[in-house]
Structure formats: C-alpha cells, structure tokens
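Good morning. Please have a look at the model on the screen, and then I will go through its pockets.

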Amino acid sequence: PGNIGSAARAMKTMGLANLVLVAPKRYPDPEAAALAAGADDILERARVVSRVQEALSGCTYVIGTSSRERAVALPELSPRQAACELVGKSLHSPVALLFGPERTGLENEELQLCHARVFIPCNPEYASLNLAAAVQVLSYEIRLQRLERAQNPQSPGGKGQEPPATFEQMERLFAHLAEFMQEVDFHKGKSPDLVTQRMRRLFLKADMDEREIKILRGLLSDAQRLLRQNR
C-alpha cells in the first residue's frame, strides 16, 4: 500500500491520472492514502483488476519495466525513448506502462505481453530503486515529452490513418496463429514455446493496425478452410 500511495503521488505531480492495480494484496488501505499526500483522487479513480491482461485491455502499445535481463527478447528503450514512444502513440490510442511487484519485477509471461522493455540505468554498485521511485522517474520523462510536444505540435505522433491493433486483437491473432500451426503440425511434436515467443515478437514489432490484423486472420481462416475441405 505504501508503494501504491507513493506511485499515485508521483503520477499526479507529473500530470498522469490513470492508475490500474493488478491484484493488490492490501487496497484500499490507510497507508496508501497517507502516502498519496493529496493524490487521493488518483486512488479513488484507480481501477482494480485480477489479471495483467485485464489491465491492458484496449491498449495498443505496452512498455514493460525490467531491472534485469530476462529470457524474453524485447527491444530495450531508455526512459527518454520509452516516454517518446508512449506519448506519441497515445495521441491516437490508449497505451500503457507496466510495472511489476517491487520484490520480483515482471515475470517472463508478463513481459511477453509487451512491445518493448524500459530499463532505468542505475548505479550498478547500488541499483536499489524502489517501485514508487521508478514510477516517478518514468512519469517525469513522460511529462517532459508532453511539454515538448505542446511546444512543437508538429512532432510525429504515429503511423497511418487506420486505428492501431488493440491488446485484445493481438492476443486473438496469436491464439489464431497457434491454432493454425497446430492444425498443420508445424511443431512436429516439439514444444511450441520458443516459436510462439518469436512469433509474438515478430508481430508486436510490426506495430500492426486493425486492417492488417483482419487481412492476416482472413488469410489464416481461408487456409484452414481449404485444409479442412481437402481432408
């Protein structure tokens, strides 16, 4: 609860308002309210969900925070680069910055839901940055980007006119692709985990829009239909 309250305070000082909490152990809690120090409105509006997937609902771009190397290969961004990506893409659709628990950070399964990873370059001899402090650092970088764009509204803000694919649309594509690969026996009895992870990286990196998702899923559906007719 202390980190929740301090994170809400960090967000409000930098002009951010949308806080989503995933399965908090203690919330609401007096400690959270005390450390929010006037950011009670952030806490009151905070959305509480049970799974990370629910927290990311509707988002088209997600950056996960990580303090150490994980088994998931992701584009690594500096705090300034991450803020630039988030602010630019937020002009067209919802985006998210995902933090893990202070003790463990984000697990590999959670990082796989992200398009990129941000790492705060701390002192390697004392990399003791707590969760609320990390929220403050990244919220500050987002604030700088927003101020810069307000002064220079011609800054690039995204691609094309088609709406970007949402988190749910991408997850449905991955499920459809997994079903197709299973149907054509692509894995030949081997574990699908590594290929699945690489396919996720490939399509998340492509920054797909809704039309592209529909085309690809239509292609998969037609291929499945022809396969089933010929059996």
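I will take the two largest pockets in turn and then one residue.

This is a predicted model, where local features need pLDDT of at least 70, side-chain atom pairs count only at pLDDT 80 or more, and totals for chains, interfaces and linings use all residues. Residues are numbered from 1 along each chain as its sequence is written, and side-chain values use heavy atoms, with hydrogens and water left out.

A pocket, on a 1 Å grid over the protein atoms alone, is an open set of points where a 1.4 Å probe fits, with protein on both sides within 12 Å along at least five of seven lines; lining residues have an atom within 4 Å of a point. Volume is the space filled by probe spheres set on the points, which are joined across faces, edges and corners.

The largest pocket comes to about 1700 Å³. Its lining has 48 residues, and nearest the centre are Leu19, Val20, Leu21, Leu97 and Phe99. Helix H7 gives the most to that lining, 6 residues; helices (H or I, at least four residues) are DSSP runs, numbered from the N terminus.

The second largest pocket holds about 470 Å³. It is lined by 23 residues, with Ser66, Ser67, Glu102, Leu129 and Ala134 closest to its centre. Here too H7 gives the most, with 3 residues.

Now the single residue. Glu148 is in helix H7. Is Glu148 buried or exposed? Neither: its relative accessible area is 45%, so it counts as partly exposed, between buried (under 20%) and exposed (over 50%), with a 1.4 Å probe and protein chains only. Its C-alpha atom is 10.0 Å from that of Cys84, 64 residues away along the chain.

Notes: Helices (H or I, at least four residues) and strands (E, at least two) are DSSP runs, numbered from the N terminus.
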